[in-house]
Amino acid sequence: MNRIILIGFMGAGKTTVGKRLAKRLAIPFFDTDQLIEKQEGMTVSRIFEEFGEPRFRELETRLLQTRWTDQEQWVLSAGGGLPLRDENRKLLKQAGKVAYLRVQTDTVLRRLKGDTSRPLLQGEDVRGRVDALLSCRGPLYEEAADFVVDADGKSPEDILRELLRLTDTL
């Protein structure tokens, strides 16, 4: 059974690498943010604007509770905040093998420079916010993860090769 979940901060490469991993394994790929956008008929940014972050986190939990029991194999890219809830970390562990793509602040800022679609990166002192969010989220990502891949300074293909090696041993 191949059920691989990629977690980590925004800009870690979860979607880019996840699509490549799914293609290489010839299994379906899912992205929680995209699934929620389709389900709700609006972007993540719009959900945050209209209903707030707590409502979005509820949608993530509901998605995890109902989505994954019927398929044998898949790769899932989880939204950066999805593992924040204790319940979600437990659901992730039950669903499949969890890989944390770890990045540092400079990598996030470089990869997401000019990206206006990320609600948590809007406004002033983006570096300070990214530092604070990484400090808060890092231990939760590690708690949820079966293994960690350092993604700083690596191409998507480098990360993919490491994931394939790691998942082959699980």
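## A loop residue with positive phi

A26 is located in the loop that connects α1 (14-25) with β2 (29-31). Helices and strands are here DSSP runs, numbered from the N terminus; a helix (H or I) has at least four residues and a strand (E) at least two. A26 has a positive phi of about 60°, although A26 is not a glycine. With a relative accessible area of 69%, A26 is exposed. The terms of exposure rest on relative accessible area: buried means under 20%, exposed means over 50%, and partly exposed lies in between (1.4 Å probe, protein chains only).

## Basis of the report

The model is predicted: local features need pLDDT of at least 70, side-chain atom pairs count only at pLDDT 80 or more, and totals for chains, interfaces and linings use all residues. Residues are numbered from 1 along each chain as its sequence is written, and side-chain values use heavy atoms, with hydrogens and water left out.

## The sheet

Five strands form an open sheet in the order β2-β3-β1-β4-β5, and their pairing is parallel. The edge strands are β2 and β5, each of which pairs on one side only. From one strand to the next, the twist averages 20°. Two strands are said to pair if DSSP finds at least two bridges between them.

Strand β1 (residues 3-7) and β4 run parallel and are joined by four bridges. I4 has K97 in β4 as its bridge partner, and I7 stands opposite Y100 in the same strand, β4. On the next pairing, strand β4 (residues 97-102) and β5 are parallel over four bridges. Here A99 has F147 in β5 as its bridge partner, while Y100 stands opposite V148 in β5.

## Two faces of strand β5

In a regular strand the side chains alternate between the two faces of the sheet. Strand β5 (residues 147-150) shows this alternation. F147 and V149 point to one face and are buried, whereas V148 and D150 point to the other face and are not buried.

## Helix α3 and the residue after it

Helix α3 (residues 44-51) contains the buried residues V44, S45, I47 and F48. Seen down the axis of α3, these buried residues fall within an arc of 165°, so they line one face of the helix. The arc is that of the directions from the helix axis to the C-beta atoms. Just after α3, G52 takes a positive phi of about 90°.

## Aromatic pairs

A pair of aromatic rings is described by the distance of the centres and the angle of the planes. Rings of Phe, Tyr and Trp (its six-membered ring) pair if their centres lie within 6.5 Å; planes under 30 degrees apart count as stacked, over 60 as edge-to-face, and the rest as tilted. The structure holds two aromatic pairs. In one of them, the ring centres of F48 and F56 are 5.3 Å apart and the planes stand at 45°, so the pair is tilted. F48 is buried, with a relative accessible area of 15%, and F56 is buried at 2% relative accessibility.

The rings of Y100 and Y141 have centres 5.0 Å apart and planes at 50°, so this pair is tilted. Because Y100 lies in strand β4 and Y141 in helix α7 (residues 126-144), the pair ties together parts that are 41 residues apart in sequence. Y100 is buried at 4% relative accessibility, and Y141 is buried at 0%.

## Helix α7: residue D131

Helix α7 also contains D131. At 32% relative accessibility, D131 counts as partly exposed. The C-alpha atoms of D131 and G11 are separated by 14 Å, and the two residues are 120 residues apart along the chain.

## The crossing of α1 and α8

Two packed helices are described by the angle between their axes and the distance between the axes. The axes of α1 and helix α8 (residues 156-168) come within 9 Å and cross at roughly 55°. This makes α1 oblique to α8. Axes are lines fitted to C-alpha atoms, for helices over the stretch in contact, with angles from 0 to 180 degrees between N-to-C directions. Angles under 35 degrees count as roughly parallel, over 145 as roughly antiparallel, 65 to 115 as roughly perpendicular, and the rest as oblique.

The crossing of α1 and α8 is right-handed. A crossing is left-handed if the near helix is turned anticlockwise from the far one by less than a right angle, and right-handed if clockwise.
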